[in-house]
Amino acid sequence: MIAPRLPRVGTLDAWRAAAKRLAAARVDPAEVEWGLEGEAAPLFAAPLDDLPEPTRALRVPRAFPDLARTLIPERTHLGLSTAYELVLRLQSEPRFLENRADPAVARAERIAKAIRRDIHKMHAFVRFKEQHGRADRRMFTAWFEPDHRIEEAAAPFFADRFGDMDWTIRTPEVAIRFREGALELVAQDGSRPDEGDEMEGLWTTYYGSIFNPARLKPDAMRAEMPKKYWRNLPEAAAIPDLIANARSRVAEMHEAGLTPAAPAIARGPAPEDTTMKMPAQHDLFGSQTLDEVAESASACTRCPLYSDATQVVFGEGPRSASVMFVGEQPGDKEDLAGRPFVGPAGQMFTDCAERVGIDRDDYYVTNAVKHFKFVLRGRRRIHQRPAASEVNACNWWLQQELQMVDPKLVVAMGATALHALTGNGAGILKRRGGVEQTRDGRPCLVTVHPSYLLRLPDEDLRMAEIEKFEADLRRVHDLVREAAA
Ligand code: URA
């Protein structure tokens with residue numbers, strides 16, 4: 001095993017040098033664990049320098065460097081390993097990138113698409129704030145939180161556009177500095193600065209003035225400007241009011257017989273009647289619907305599973321549900337349908353629930369992990385258990401579902417769900433039937449996963465286990481009543 005550790009700034013160049021060495025020595029991609037400086041390497045990893053210096057240049061098609069540039073910033077390092085996998089294969093199969101059905105090529109395209117989208121969002125949503133204190137030059141700063149490590153790829157755009165001023169864009173990992181025409185990136189450990197300036201008011205006024213209430217399309221707005229960016233956009237504070245008042249503004253425009261025009265950017269102080277009331281931050285986020293959270297989850301790249309799955313499978317059911325059933329992860333059928341528990345295990349769950357008087361449509365049904373994890377065997381996608389790191393990464397979404405649905409009772413079906421909900425998934429068969437507490441203090445009924453029932457080869461044992469599963473489910477109504485009392 002070789003575990004190259006790359007710097008946070010200059011990652012692409014360092015990856016290129018490492019990939020050259022590894023590919024010249026034909027090191028299998030499975031034997032390489034890519035990471036960044038400061039990240040732990042496996043104990044017995046051999047140093048990269050043990051490999052001989054490459055003597056020949058690598059052969060890659062002309063389009064490859066651009067593709068590599070869009071893979072390297074991927075946050076989970078899947079982009080680093082995918083780029084190396086491609087480079088190595090190109091040495092013996094120079095045209096294989098043309099086969100878009102190849103799983104590695106398809107994966108690379110999915111990653112590159114996510115990175116391009118992230119760069120586009122950074123270019124669109126960075127907002128500079130003026131910093132006072134220097135008399136000789138105007139100085140601006142901005143804060144941005146990208147999904148991936150795109151700072152190096154995104155920086156030249158800002159240098160081109162804002163070359164006539166000095167500025168710093170900070171992200172949690174890197175500071176991009178532009179001083180008197182020179183661009184410099186510095187690795188840093190940063191948190192969001194707390195600063196404001198009059199530019200904020202200007203942005204808000206500008207946004208309010210170009211907003212056309214007659215063209216209000218909240219879904220399209222959210223798709224283009226997802227809510228996670230709102231926190232750093234001064235104009236976002238105006239959106240709830242603009243949406244809420246859109247109807248009455250359209251009616252007023254009809255009455256006045258005016259055609260709405262987009263005035264030029266506001267230069268002076270905002271006139272009285274266009275000054276927007278600033279809602280508190282929690283008003284912006286507290287009114288999120290489950291659909292909106294699901295929409296944010298659909299772009300999730302918190303762990304590598306997004307790259308091979310067809311889509312995120314979010315939970316479903318009423319927001320007012322008193323019970324939340326939690327499984328492991330979507331299976332093959334769920335991955336294609338985009339709905340939880342619709343395959344064979346889902347059928348087993350639905351049938352058992354119905355037999356004990358539970359209509360699953362009355363309850364919220366979800367999974368600990370929202371992407372399907374599998375390996376390809378021929379044309380079949382074989383389920384793989386998610387790793388603890390993947391369960392932990394996905395807990396971000398499960399916790400939001402718990403908070404929003406606020407169930408009286410949670411049912412953990414299987415070890416993965418139990419781990420996600422309580423922090424410990426060990427010994428499920430001993431714990432099944434018990435009522436424990438979730439991390440956030442809710443009663444949690446422990447039971448087995450319905451796929452366990454499908455896997456039991458012995459018919460008698462299977463019938464006995466199905467009865468036990470139904471006995472667990474039968475307790476649900478009583479436990480909800482107890483929790484509500
Ligand atoms: N298994 C699960 O845990 N969840 C599903 O949605 C399907 C199968």
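1. Surface first, if I may. The chain in this predicted model has an accessible surface of about 25,000 Å², and carbon and sulfur atoms account for 51% of that area. Of the 485 residues in the chain, 46% are buried.

2. A word on the overall build. You will find 19 helices and 14 strands as you follow the chain. Among contacts with a separation of 6 or more, 72% link residues 24 or more positions apart.

3. Now to the interior. Nonpolar side chains tend to be buried together in soluble globular proteins. Here the largest nonpolar core has 55 residues, and Trp 15 and Tyr 84 have the most contacts inside it. At least two residues of this core come from each of α1 (11-24), α2 (64-71), α3 (78-92), α4 (103-125), β4 (139-143), α5 (151-161), β5 (166-170) and β6 (174-179). Helix α4 gives the most, with 9 residues. Domain 1 (5-121) and domain 2 (126-210 + 222-237) each contribute at least three residues to this core.

4. Trp 15 deserves a look on your screen. Beyond its neighbours within four places in sequence, Trp 15 is in contact with Leu 6, Trp 34, Phe 64, Ala 68, Ile 72, Leu 80, Ala 83, Tyr 84 and Val 87. There is also a second, separate core of 32 residues, whose members include Cys 300, Cys 303, Val 391 and Met 404.

5. What surrounds the ligand? Gly 327, Glu 328, Gln 329, Pro 330, Gly 331, Glu 334, Pro 340, Phe 341, Asn 367 and His 449 are the residues around it. Two backbone approaches are worth displaying: an N or O atom in the backbone of Glu 328 lies 2.7 Å from a ligand oxygen atom, and a polar backbone atom of Gln 329 is 3.0 Å from a ligand nitrogen atom. From a side chain, an N or O atom of His 449 is 2.6 Å from an oxygen atom of the ligand. On its own the ligand exposes 240 Å², and the protein buries 94% of that.

6. Lastly, a residue in helix α4: Arg 117. Is Arg 117 buried, exposed or partly exposed? Its relative accessible area is 42%, so Arg 117 counts as partly exposed, a class that runs between under 20% for buried and over 50% for exposed. Arg 117 and Asp 147 are 30 residues apart in sequence, and their C-alpha atoms are 9.8 Å apart in space.

Conventions
Residues are numbered from 1 along each chain as its sequence is written. This is a predicted model: local features need pLDDT of at least 70, side-chain atom pairs count only at pLDDT 80 or more; totals for chains, interfaces and linings use all residues. Side-chain values use heavy atoms; hydrogens and water are left out. Helices (H or I, at least four residues) and strands (E, at least two) are DSSP runs, numbered from the N terminus. Buried means under 20% relative accessible area, exposed over 50%, partly exposed in between (1.4 Å probe, protein chains only). Contact means heavy atoms within 4.5 Å. Accessible areas come from the Shrake-Rupley method with a 1.4 Å probe; for residues, only the protein chains shown count as cover. A nonpolar core is a set of buried Ala, Val, Leu, Ile, Met, Phe, Trp, Tyr and Cys residues joined through side-chain atoms within 4.5 Å. Domain bounds come from an automatic or database domain assignment. A residue is near a molecule or strand if one of its heavy atoms lies within 4 Å of it. A polar contact is a pair of N or O atoms within 3.5 Å; within protein, one must be able to donate a hydrogen and the other to accept it, and residues adjacent in sequence count only if both atoms are side-chain atoms.
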